Amino acid sequence: MSEPLPSPPKVGLLLPGGGARAAYQAGVLKGIAELLPPDARSPFPIVSGTSAGSINATLIATHSLHFRRGAEELAGVWEHIHSELVFRTSGTAIFKNLAYWMMALLHAGFARRNVIALLDNTPLRKLLERHIIFARLQEGIDAGALDALSLTCSGYTSARAVCFYKGKPGLRAWHRTRRIGQPAELRLDHVMASVALPVIFPAVRLGREYYGDGSLRQMAPLSPVVHLGADRILVIGVRNEQANKLPEEGEEVPYPSLGQVAGYLMDVVFSDSLYADLERLQRVNTTMKELAASSRKPPPLKVIDTLVIVPSQDMRDIAQRHVAEFPRSVRVLMRMLGSTQKNGSQFASYLLFESGFCRELVELGRKDALAQADKLLAFLGAAPPAMRQEQSPVEFH
């Protein structure tokens, strides 16, 4: 009598934030879809998104029964994006809000009402309404193609990260310091709250408090997929991890512009906690493997392998080639902030919701995925056993 085949690994998909850079995630998912049969279900029963990653996570999770269809639709959204589909680009509206912010900062009591945000992202809500059908989440859960979707938001009153999730019966909520997992009937407000970058986009009220961008308080980005039962985690990052080149001895170094500082801060918010959490997971994995080797008892925690895909090119260089695509009003604002030059292009890359830039990122993500097809298929459990290789705890590409 033959032994039963081992069950396939439960792979979680983690999509962190990154503004317009999240187009790269859509490209990677499109590449993965091309590696699988056309009618395949999603290889990711657990999906977690934060900030712009929550848009990608929601759309791909609502297509858990038809993964390629969802990946192609997601890529299509990014390939045809324009700033006016994300926020109102009227120069009058933008500079009126900017002036209001400045007056409120300079003159205490000037504003008798709170300044909402620099940009009005109502167009984004309308765009997402046309593409996201939340009823499909339950269809995927009922069919066994989806275990859970988690979207992370930051509560302004409670000062904690809240992972709102919808999933199969039996999932348990969790409570940790400054972060909780809470079951919810997900709707568009949760997505809009997760992308609400402070000052840039308006906060969204959910229940008893207002929420902003999920990256703000997310000190443990891997937590949702781990709590929801993942055995492996695929992370699609949006930052090239090659170290920046230091200036040559004696080279003149200009004082950082406001745009350069803003880009630096956004880089910290969106990416640094992710890599700190990956390092913690690697240490836990190493400890659990050593315990398993030295004891007959099973270790108290399971080893969770992680594969990380990051851009093979620097996003700032790509953005520099496309800054002229900004609408005139936004281009003027970027110039005022010093974000149209190379040292400020980091900030521009997060707000460059223009098709030329995003198309290039989608294609880069697709090529990066196809370049490591064997490794991805093995990690997803979609390759024949002979092709599978033992995964190291953390793989950077």
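This is a stop-by-stop tour of the structure in your viewer.

**Before you start**

You're looking at a predicted model, where local features need pLDDT of at least 70 and side-chain atom pairs count only at pLDDT 80 or more, while totals for chains, interfaces and linings use all residues. Residues are numbered from 1 along each chain as its sequence is written, and side-chain values use heavy atoms, with hydrogens and water left out.

**Stop 1: the whole chain**

Show everything as a cartoon. The chain has 14 helices and 11 strands; these are DSSP runs numbered from the N terminus, with helices being H or I of at least four residues and strands being E of at least two. Of the 397 residues, 52% count as buried. Buried here means under 20% relative accessible area, exposed means over 50%, and partly exposed is in between, using a 1.4 Å probe and protein chains only.

Switch on the surface next. Its accessible area is about 19,200 Å², and 54% of that belongs to carbon and sulfur atoms. Such areas come from the Shrake-Rupley method with a 1.4 Å probe, and for residues only the protein chains shown count as cover.

Now colour by pLDDT, the predictor's confidence in each residue, from 0 to 100. The chain averages 85, and 85% of the residues score at least 70. Select residues 384-397: pLDDT stays under 50 there, and the model has 34 contacts beyond four places in sequence for this stretch. A contact means heavy atoms within 4.5 Å. Where pLDDT is low, the predicted coordinates should not be read in detail.

**Stop 2: two buried residues**

Select Val 362, in helix 13 (residues 355-371). With 1% relative accessibility, Val 362 counts as buried. What does Val 362 touch, not counting residues up to four places away in sequence? The list is Ala 23, Gly 27, Ala 75, Trp 78 and Glu 79. Try a distance label from Val 362 to Glu 79: they are 283 residues apart in sequence, yet 7.3 Å apart in space, C-alpha to C-alpha. Across the chain, 75% of the contacts between residues at least 6 apart in sequence join residues at least 24 apart.

Then jump to Ser 83, in the loop between helix 3 (67-79) and helix 4 (91-106). Ser 83 also counts as buried, at 0% relative accessibility. Setting aside neighbours within four places in sequence, Ser 83 is in contact with Thr 89, Phe 326, Pro 327, Phe 353 and Glu 354.

**Stop 3: charged pairs**

Time for sticks. A salt bridge is a side-chain nitrogen of Lys or Arg within 4 Å of a carboxyl oxygen of Asp or Glu, and the count by this rule is 13.

Select Arg 125 and Asp 189, whose closest N and O atoms are 2.6 Å apart in a salt bridge. Arg 125 lies in helix 5 (residues 122-131) and Asp 189 in helix 7 (residues 188-194), so this pair ties together parts that are 64 residues apart in sequence. Add Arg 187, whose side chain meets that of Asp 189 in a salt bridge too, at 3.4 Å from N to O. Arg 125 is partly exposed at 25% relative accessibility, and Arg 187 is partly exposed at 39%.

Move on to Lys 302 and Asp 231, a salt bridge with its closest N and O atoms 3.0 Å apart. Lys 302 sits in the loop between helix 9 and strand 10 (305-309) and Asp 231 in the loop between helix 8 (223-227) and strand 9 (232-236), so the pair ties together parts 71 residues apart in sequence.

Finish with Lys 10, Asp 147 and Lys 168, which are linked in a network of salt bridges.

**Stop 4: strands around strand 6**

Select strand 4 (residues 160-167) and strand 6 (residues 179-183), which pair in the parallel sense over 5 bridges. Two strands pair if DSSP finds at least two bridges between them. Val 162 stands opposite Ile 180 in strand 6.

Now add strand 5 (residues 174-176), which pairs with strand 6 in the antiparallel sense over 3 bridges. Arg 176 has Arg 179 in strand 6 as its bridge partner. The hairpin of these two strands has 2 residues between them, and Arg 178 there takes a positive phi near 65 degrees.

**Last stop: a nonpolar patch**

Select Val 261, Tyr 264, Leu 265 and Val 268, which form a nonpolar patch on the surface with about 370 Å² of accessible area together. Patches are made of residues with over 30% relative accessible area and no salt bridge, with like charges joined within 9 Å and nonpolar side chains (Val, Leu, Ile, Met, Phe, Trp, Tyr) within 5 Å. Val 261 is in helix 9 (residues 258-294) and is partly exposed, at 36% relative accessible area.
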